[in-house]
Amino acid sequence: GDRKYGYGGFKYDGRWKEIALKICREYNLNNNSSLLQLGCEKGFLLNDLKNLYPNMRIKGLDTSEYAINNSMESVKKNVKKCDGYLKLEFGEKEFDFVIAIGPVYAPNLTDAIQCLKEIQRTSKGKSFVTLGSYKTKKDYWLYKQWLILGTTILHEKEWIKVLNNNGTISPYSD
């Protein structure tokens, strides 16, 4: 569909293979690991992780009915729809690794903080989260033009304060 719906040209092209390998190396994931991806979209990363480690326990959540219905057959049974990431249906420390590329900054700040807390609660201490941020006014306006779904766009120093004040995760900054 058209980009205005968020999925324009969104087809599997193998680009996540190298990223899946880097994630597994960096976070010591293997066939005995468990992984949760928030905002898994059509499951491309989950597919490539499963190809690397067929016995890895993977779960994916997404808010888009379209994405779930069009997820890759190889991981479709592992992908579920959720109405948000504010109260995950998983137990404490259930996953060796939780990854969220994008969905944390989509809601308002209060919900973003709750999502970060849920990531912390469900992981065994290892997670990777991307946050919508900027350093300059020019960056801010470029980001605003590019962004389709994000709501919470903070300066990178503001995100660091949020992370530190909520005791959620240790921020990584260049």
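Is R15 buried or exposed? In this predicted model, R15 is exposed, with a relative accessible area of 56%. Its side chain meets that of D13 in a salt bridge, with N and O 2.6 Å apart. D13 is partly exposed, at a relative accessible area of 47%. This pair is a convenient way in, and the sheet, the cores and the other salt bridges follow.

The sheet is open and is built from five strands in the order β3-β2-β1-β4-β5, with parallel pairing. Each of β3 and β5 has a single partner strand, so these two stand at the edges and one side of each is left without a neighbour in the sheet. On average, neighbouring strands are turned by 15° against each other, direction ignored. Strands of a sheet pair through backbone hydrogen bonds, either parallel or antiparallel.

Strand β1 is joined to β4 by four bridges, and the two run parallel. Here L38 stands opposite A100 in β4. On to the edge strand: β4 and β5 also run parallel and are joined by four bridges. V98 has S127 as its bridge partner in β5. Between these two strands the chain passes through α4, and the resulting β-α-β crossover is right-handed.

Strand β5 covers residues 127-130, and its two faces are unlike in cover: S127 and V129 lie on the covered face, F128 and T130 on the uncovered one. In a regular strand the side chains alternate between the two faces of the sheet.

Next, the nonpolar interior. The largest nonpolar core has 26 residues, and the members that touch the most others are L36, L38, L61, V104 and I119. Two or more residues come from each of β1 (34-38), β4 (97-101), α4 (109-122) and α6 (156-166). Helix α4 gives the most, with five residues. Apart from this core lies another one, of 19 residues, including Y27, L29, L45 and M56.

L36 shows how one core residue is surrounded. What is L36 in contact with, once its neighbours within four places in sequence are left aside? The list runs through K59, G60, L61, L88, F90, F95, F97, V98, I99 and T122. One of these, L61, is also among the core members that touch the most others. V98, another contact of L36, is the residue whose bridge partner in β5 is S127.

The salt bridges remain. A search of the whole structure finds seven of them, including the R15 and D13 pair described above. E18 forms another with K22, the closest N and O atoms being 3.4 Å apart. Because E18 and K22 are four residues apart in helix α1 (residues 16-26), about one helical turn separates them. Both E18 and K22 are exposed.

A further salt bridge joins the side chains of R57 and E94, at 2.5 Å from N to O. This pair links distant parts of the chain, 37 residues apart: R57 belongs to strand β2 (residues 57-62), while E94 sits in the loop between β3 (79-81) and β4. How exposed are the two partners, and what are their relative accessible areas? R57 is partly exposed, at 32%, and E94 is partly exposed as well, at 25%.

Methods
Residues are numbered from 1 along each chain as its sequence is written. This is a predicted model: local features need pLDDT of at least 70, side-chain atom pairs count only at pLDDT 80 or more; totals for chains, interfaces and linings use all residues. Side-chain values use heavy atoms; hydrogens and water are left out. A nonpolar core is a set of buried Ala, Val, Leu, Ile, Met, Phe, Trp, Tyr and Cys residues joined through side-chain atoms within 4.5 Å. Buried means under 20% relative accessible area, exposed over 50%, partly exposed in between (1.4 Å probe, protein chains only). Contact means heavy atoms within 4.5 Å. Two strands pair if DSSP finds at least two bridges between them. A crossover is right-handed if, with the strands pointing away from the viewer, the path from the first strand over the helix to the second runs clockwise. A salt bridge is a side-chain nitrogen of Lys or Arg within 4 Å of a carboxyl oxygen of Asp or Glu. Axes are lines fitted to C-alpha atoms, for helices over the stretch in contact, and angles run from 0 to 180 degrees between N-to-C directions.
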